[in-house]
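User: I am a first-year student, and I would like a close look at how helices pack against one another in one part of this protein. Please take me through it step by step.

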Amino acid sequence: MKYLIAGTGGVGGCIAGFLALAGKDVTCIARGEHLAAIREHGLRLHSDLKGEHTLHIPACTAEEYQGKADVIFVCVKGYSVDSITDLIRRASTPETVVIPILNVYGTGPRIQRLVPGVTVLDGCIYIVGFVSGKGEITQMGKIFRLVYGAHKGTIVSRETLEAVQRDLQESGIKAEISDDINRDTFVKWSFISAMAVTGAYYDVPMGEVQKPGEVRDTFIGLSRESAELGRRLGIDIPSDLVEYNLKVIDKLDPHSTASMQKDLARGHESEVQGLLFDLIKAAEAQGIDIPTYRMVARKFQ
């Protein structure tokens with residue numbers, strides 16, 4: 001199958017690199033100096049799971065891409081989704097499946113509304129991956145888990161879902177077909193929101209969240225409040241969502257930070273709207289008390 005990676009940042013670059021190492025047919029969409037470096041030197045992958053590699057993967061801008069893809073992984077930031085809808089339309093066939101891998105809840109349905117003639121699934125990922133230089137991607141730790149599936153009402157064959165799963169698993173990615181992608185994307189939103197917001201609020205790496213104390217208590221408070229939002233929305237979330245979030249955070253490399261935290265520190269555009277203020281808005285609409293989220297929001301107002 002032909003894979004198109006729309007957005008070759010930390011997440012997209014790791015997916016592309018792992019697929020390419022397994023001999024899969026991959027093309028990357030990138031831009032600027034990052035794209036120029038990939039074209040000139042190849043995609044340089046520094047991976048705790050795979051080691052050091054330079055991969056000569058076809059790469060171009062969204063405007064330059066003229067092919068068709070069987071699977072399109074959307075790995076841009078939430079604020080850039082609108083900019084790649086034309087690419088999705090041009091690159092899709094009636095059999096193409098689009099799998100958004102974003103941190104923000106509700107991305108699959110949002111993209112589906114923008115490209116109604118294309119089969120859009122939804123997905124989430126657990127990984128520490130980031131751009132460490134022009135044309136360079138770093139993957140830290142031992143976690144690389146990708147969950148994807150179709151929302152109710154979206155028709156896609158089990159054969160297609162399993163074909164993607166095989167390719168991902170052969171590439172060393174722990175791939176799971178979700179039986180409730182609405183639940184799984186919400187659970188990821190809960191985790192990444194608490195992780196990114198805590199890290200950015202205190203300006204600390206995840207090792208500080210792993211220690212008992214104020215920082216960890218803030219992470220727990222955020223997780224508890226988002227769990228209540230999930231229950232109020234009628235999502236079948238795990239009863240122990242807070243404990244689940246703690247288990248995930250404790251497995252991360254202690255030196256790692258969330259991409260939102262990195263972007264805020266550099267003064268770049270970030271996902272603070274989708275990971276903080278959108279969750280607060282949703283909680284307020286449900287009449288949920290969210291003192292921890294209100295506390296941290298004052299810093300980013």
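Analyst: This is a predicted model, and a good place to begin is the pair formed by helix H8, residues 214–232, and helix H9, residues 241–251, which pack at an angle of about 135 degrees with their axes 9 Å apart. Angles over 145 degrees would count as roughly antiparallel, and those from 65 to 115 as roughly perpendicular, so H8 and H9 are described as oblique to each other. Their crossing is right-handed. On the H8 side the contact is made by Arg216, Phe219, Ile220, Ser223, Arg224 and Ala227, while H9 contributes Leu241, Val242, Asn245, Leu246, Ile249 and Asp250. Sorted by class, the residues of this contact comprise seven nonpolar, two polar and three charged.

H8 also packs against helix H12, residues 291–300, and here the angle is about 120 degrees, with the two axes 8 Å apart. Because of that angle, H8 is oblique to H12. The residues that H8 brings to this contact are Thr218, Gly221, Leu222, Glu225 and Ser226, and they meet Pro291, Thr292, Tyr293, Met295 and Val296 of H12. In this contact of H8 with H12 there are five nonpolar, four polar and one charged residues.

Returning to H9, we can follow its packing with helix H6, which spans residues 181–202: the angle between H6 and H9 is about 60 degrees, and their axes lie 10 Å apart. That angle makes H6 oblique to H9, and the crossing of these two helices is right-handed. From H6 the contact takes in Val187, Ser190, Phe191 and Met195, and from H9 it takes in Leu241, Tyr244, Asn245, Val248 and Ile249. The class count for H6 with H9 is seven nonpolar and two polar residues, with no charged residues.

Putting the lists for H9 side by side, Leu241, Asn245 and Ile249 appear in its contact with H8, and Leu241, Asn245 and Ile249 are also named in its contact with H6. For H8, the contact with H9 includes Phe219 and Ile220, whereas the contact with H12 includes Thr218 and Gly221. As for charge, the contact of H8 with H9 holds three charged residues, the contact of H8 with H12 holds one, and the contact of H6 with H9 holds none. When you turn the model yourself, it may help to keep in mind that two packed helices are described by the angle between their axes and the distance between those axes.

Terms used:
Residues numbered from 1 in each chain as written. Predicted model: local features only at pLDDT ≥ 70, side-chain atom pairs only at ≥ 80, totals over all residues. Heavy atoms only, no water. Axes fitted to C-alpha atoms, helices over the stretch in contact; angles between N-to-C directions. Helix = DSSP H or I, 4+ residues; strand = E, 2+ residues; numbered from the N terminus. Parallel < 35°, antiparallel > 145°, perpendicular 65-115°, else oblique. Left-handed = near helix turned anticlockwise from the far one by under 90°. Contact = heavy atoms within 4.5 Å. Nonpolar A, V, L, I, M, F, W, Y, C, P; charged D, E, K, R; others polar.
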